[in-house]
Amino acid sequence: MEIKYKCLIVDDEKPAHRVIKSHIGQCPELLYGGSAYNGKDALQMIVNECYDMIFLDINMPILTGVELMERMPKRPVTIVTTAYSDYALKSFQYDAVDYLLKPVSFPLFAKAVEKAKLFCNANSQKTEVKDIIRLKVNGDITDIALAEIVCIESVGNYLKVYIRNTIVPIVVYGSLIEIMDNLDSRFVQVHRSHIVNGEHLMVNHKHNLSLTDDRIVPVGRKYQILVDKLN
């Protein structure tokens, strides 16, 4: 049976939706899965449903494409479609697989889709439940059980990984974006500098969270929709 890749179109302009939807219709392996006209609605759809690919505009109301990439919990394979070339570097920093300038021609669209399919297939091999994460601590590779991680805090170019029943966090070099790819669905980014393990949530106070180690973690306004998923 042929693999179908479910796609979401995110753009604030209806003509752009018509073009991308037409392109999707010309690719038998692609399945149109819905449209969103702003980043906030797109984030809600991504939280509630599973998408393999997302075709994403950058300049949108409420939540921009870059802000959406920062907050996407399930991280569908992303192809940026925009009228502006200024955001290419930022998009690739958030793991966009391609960057298409409008008007998007079908040949370039098809080429980007082939690239995206490779990433989708690689991601499908990583869907098993993870038990550990390997971190480089003081020059040595250390295995940390995911269930033991309470939360992770970003401080500059470093991460503080808070482990259950320990006072001093493990400090490693890296970013929340990088480490999120090695975590599973228990973990949700709730603030631009914090990721929380939902299994260690005690109380959701809306503007902050109480965790099992008595830590209080702030909740960013634009991350509230992801925090609601923890309830």
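Is Glu199 buried or exposed? In this predicted model, Glu199 has a relative accessible area of 51%, so it counts as exposed, the threshold being over 50%. Glu199 forms a salt bridge with Arg186, and the closest N and O atoms of the pair are 3.7 Å apart. The two residues belong to distant parts of the chain, 13 residues apart: Arg186 sits in the loop between α6 (176-180) and β11, whereas Glu199 sits in the loop between β12 (194-197) and β13 (201-204).

This pair is one example of a wider set, for the structure holds 14 salt bridges. Another of them joins Lys102 to Glu13, with 3.8 Å between the closest N and O atoms. Lys102 is found in the loop between β5 (98-101) and α5 (106-124), and Glu13 in the loop between β1 and α1 (14-25), so their salt bridge ties together parts that lie 89 residues apart in sequence. Lys102 is partly exposed, at 24% relative accessibility, and Glu13 is also partly exposed, with a relative accessible area of 42%. Through shared partners, salt bridges join Asp11, Glu13, Asp57 and Lys102 into one network.

A further salt bridge connects Lys117 and Glu29, whose closest N and O atoms are 3.4 Å apart. Lys117 belongs to helix α5 and Glu29 to the loop between α1 and β2 (30-36), so the pair ties together parts separated by 88 residues in sequence. Lys117 and Glu29 are both buried.

The discussion now turns to the nonpolar residues. In soluble globular proteins, nonpolar side chains tend to be buried together. The largest nonpolar core of this model has 38 residues, and the members that touch the most others are Val10, Ile54, Leu68, Met69, Val190, Leu209 and Leu211. At least two residues of this core come from each of β1 (5-10), α2 (39-48), β3 (53-56), α3 (65-71), β8 (149-155), β11 (187-191), β14 (208-211) and α7 (224-228). The largest share, 5 residues, is supplied by α2.

Val10 illustrates how one member of this core is surrounded. Beyond its neighbours within four places in sequence, Val10 is in contact with His17, Ala36, Asn38, Ala42, Ile54, Phe55, Leu56, Asp57, Met60 and Leu68. Among these contacts, Ile54 and Leu68 are, like Val10, members of the core that touch the most others, while Asp57 also belongs to the salt-bridge network described above. Apart from the largest core lies another, of 19 residues, which includes Ile9, Ile20, Leu30 and Val104.

Methods:
Residues are numbered from 1 along each chain as its sequence is written. This is a predicted model: local features need pLDDT of at least 70, side-chain atom pairs count only at pLDDT 80 or more; totals for chains, interfaces and linings use all residues. Side-chain values use heavy atoms; hydrogens and water are left out. A nonpolar core is a set of buried Ala, Val, Leu, Ile, Met, Phe, Trp, Tyr and Cys residues joined through side-chain atoms within 4.5 Å. Buried means under 20% relative accessible area, exposed over 50%, partly exposed in between (1.4 Å probe, protein chains only). Helices (H or I, at least four residues) and strands (E, at least two) are DSSP runs, numbered from the N terminus. Contact means heavy atoms within 4.5 Å. A salt bridge is a side-chain nitrogen of Lys or Arg within 4 Å of a carboxyl oxygen of Asp or Glu.
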